[in-house]
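Subject: The structure we talked about

Hi,

Here is the structure I promised to pass on to you. Have a look at it first, and then read on for what I found in it.

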Amino acid sequence: WNPAYWQSFEQKVQRANEAGRVVLLVGLMEPVKRYPEADKACLFARNIIARLYGNFMIFSPSFDSNFMPLANDVGRVAREATAVHLLTQHPGTPSAEPTPTYSDRYYDEPYLDIAAVQTGHNGGRLDRCAHHAIEWILHLYRHEPHKPVINLEAMYDAHGEKAWRAVDARSLGWRSWLSGAMGYTYGAGDAPPKVPQGSGAVWRWVTDPQKYDYWEKALQWDSAFQMQYLHDFLAALEWWRLEPAHDLIRNQPQDVTRRMVLAKTAVGDLAVAYLPDNEAIEMAASAFPVALAGRWFDPVQGVFTATAAYTENRGAYRFAAPAPGEWVLLLQPAQTR
């Protein structure tokens with residue numbers, strides 16, 4: 001142990017906790033190099049958990065890896081070391097698979113509190129990013145016994161041209177939340193085509209002010225504020241009652257990148273839909289026991305705009321978007337608007 005290093009590390013964790021943040025520490029199973037012998041990784045896990053026992057932490061043995069027995073070994077030791085902290089696994093991305101196979105293999109482990117998934121960057125393949133953020137989240141959401149699902153890594157905003165853009169980070173957040181996720185991790189900066197390797201902005205804390213993704217610059221990117229809009233929108237609702245209900249959408253496009261998502265409460269008194277690039281959404285209104293009033297929310301600017309018409313409790317109902325682009329539809333009883 002290097003006392004000076006770890007004291008500095010602990011001070012950063014403490015500052016984050018004092019600011020109201022819980023710290024997720026990933027990579028317990030690889031303290032010095034990737035994939036050491038299990039006994040060395042387990043020794044480190046026991047020590048670091050003991051050092052941080054009084055802090056608000058979540059621990060993950062793995063970090064961007066395939067499923068590995070080593071992660072389970074360290075996960076079990078971590079659970080023996082603490083009964084007061086949440087444990088998860090931060091897997092890699094089994095890209096193009098119909099289900100999140102790495103997350104699946106960890107799910108039923110008794111030590112695992114949070115079912116985390118990395119829907120990933122997929123080499124810039126936006127169709128895979130959209131599919132994973134919807135279908136992989138739904139798959140884990142439906143798993144029993146239920147555990148909260150968090151998308152720990154989707155595509156970052158790195159000011160790319162055809163991917164790695166603000167719209168990609170933003171849209172995958174809405175898709176994840178309305179498909180059953182209880183959390184979403186936003187990333188700024190990375191290394192898409194035409195961006196030099198070694199970038200990393202907020203997740204790697206680029207310290208050269210001349211870099212396009214110098215961390216202080218990245219904190220001011222549009223997508224960073226758009227994550228705040230997503231948070232504030234949900235925080236104003238009883239979001240924990242929402243359940244995925246994509247099957248109620250009657251006009252789903254074949255193109256997965258334009259596929260809409262819808263979540264509603266079990267009693268049908270609240271619903272939220274995300275339209276990535278659609279003229280309108282048609283839904284089975286019979287799923288809602290009372291007439292609901294709709295409002296359109298702009299996830300790019302963070303403001304409510306036009307008021308949608310009232311639903312009728314029969315047949316299908318069509319809500320036309322107020323203009324081209326991304327939109328979020330909020331349906332509530334008229335008296336709560």
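Before we start, a word on names: helices and strands are DSSP runs, numbered from the N terminus, where a helix has at least four residues and a strand at least two. Please also keep in mind that this is a predicted model.

With those names in hand, let's begin with Tyr-35, which sits in the loop between β1 (23-26) and α2 (38-51). Tyr-35 has a positive phi of about 60°, although it is not a glycine. Is Tyr-35 buried or exposed? The answer falls in between: its relative accessible area is 32%, so Tyr-35 is partly exposed, since that label covers the range from 20% to 50%.

Ala-96 makes a good companion to look at. It is another residue other than glycine with a positive phi, here near 75°. You will find Ala-96 in the loop between β5 (90-91) and α4. Its relative accessibility is 44%, so Ala-96 counts as partly exposed.

Now to the helices. Helix α5 covers residues 126-141, which is 16 residues. At 1.5 Å a residue, α5 should span 22 Å, and its end C-alpha atoms are indeed 22 Å apart, so the two values agree. Even so, α5 has a kink of about 30°, centred on His-132.

Which residues of α5 are buried? They are Cys-129, Ala-130, His-132, Ala-133, Ile-134, Trp-136, Ile-137, Leu-138 and Leu-140. When you look at that list, it helps to know that an α-helix has 3.6 residues a turn, so residues three or four places apart point the same way. The elements that cover the buried residues of α5 include α4 (101-107), β6 (115-117), β7 (149-151), α6 (166-178), β8 (243-244) and β9 (261-264).

Next, try α6. It has 13 residues and should span 18 Å at 1.5 Å a residue; its end C-alpha atoms are 19 Å apart, which agrees. How many residues of α6 are buried? Twelve of the 13 are, so this helix is mostly covered. Among them are Ala-166, Asp-168, Ser-171, Leu-172, Trp-174 and Leu-178. Just after α6 comes Gly-180, with a positive phi of about 115°.

How do α5 and α6 lie against each other? Their axes are 9 Å apart and the packing angle is about 20°. Angles under 35 degrees count as roughly parallel, and α5 and α6 are therefore roughly parallel to each other. Their crossing is right-handed. On the α5 side, the residues that meet α6 are Leu-126, Cys-129, Ala-130, Ala-133, Ile-134 and Ile-137. On the α6 side, they are Asp-168, Leu-172, Arg-175 and Ser-176.

Helix α6 has another partner, helix α9 (residues 222-235): the axes come within 9 Å and cross at roughly 20°. That makes α6 roughly parallel to α9. The contact is made by Ala-166, Ala-169, Arg-170, Gly-173, Trp-174 and Trp-177 of α6, together with Ser-223, Gln-226, Met-227, Leu-230, Phe-233 and Leu-234 of α9. Here too, α6 passes α9 in a right-handed crossing.

A residue worth visiting next is Thr-257, in the loop between β8 and β9. Leaving out residues up to four places away in sequence, Thr-257 touches Leu-126, Asp-127, Ala-130, Arg-175 and Pro-276. At 26% relative accessibility, Thr-257 counts as partly exposed. Thr-257 and Ala-285 are 28 residues apart in sequence, and their C-alpha atoms are 25 Å apart in space.

Two prolines round off the tour. Pro-145 is placed in the loop between α5 and β7, and the peptide bond that leads to it from Glu-144 is cis, with omega near 0°.

Pro-333 lies in the segment after β15 (327-332). With 14% relative accessibility, Pro-333 counts as buried. Which residues is Pro-333 in contact with, leaving aside its neighbours within four places in sequence? They are Asp-269, Ala-291 and Leu-292. Pro-333 and Val-290 are 43 residues apart in sequence, yet 7.5 Å apart in space, C-alpha to C-alpha.

Enjoy exploring, and write back with any questions.

Best wishes

Conventions:
Residues numbered from 1 in each chain as written. Predicted model: local features only at pLDDT ≥ 70, side-chain atom pairs only at ≥ 80, totals over all residues. Heavy atoms only, no water. Expected span 1.5 Å × (residues − 1). Bend = angle between axes of the 7 residues up to and from the residue. Buried < 20%, exposed > 50% of the residue type's maximum accessible area, 1.4 Å probe, protein only. Contact = heavy atoms within 4.5 Å. Axes fitted to C-alpha atoms, helices over the stretch in contact; angles between N-to-C directions. Parallel < 35°, antiparallel > 145°, perpendicular 65-115°, else oblique. Left-handed = near helix turned anticlockwise from the far one by under 90°.
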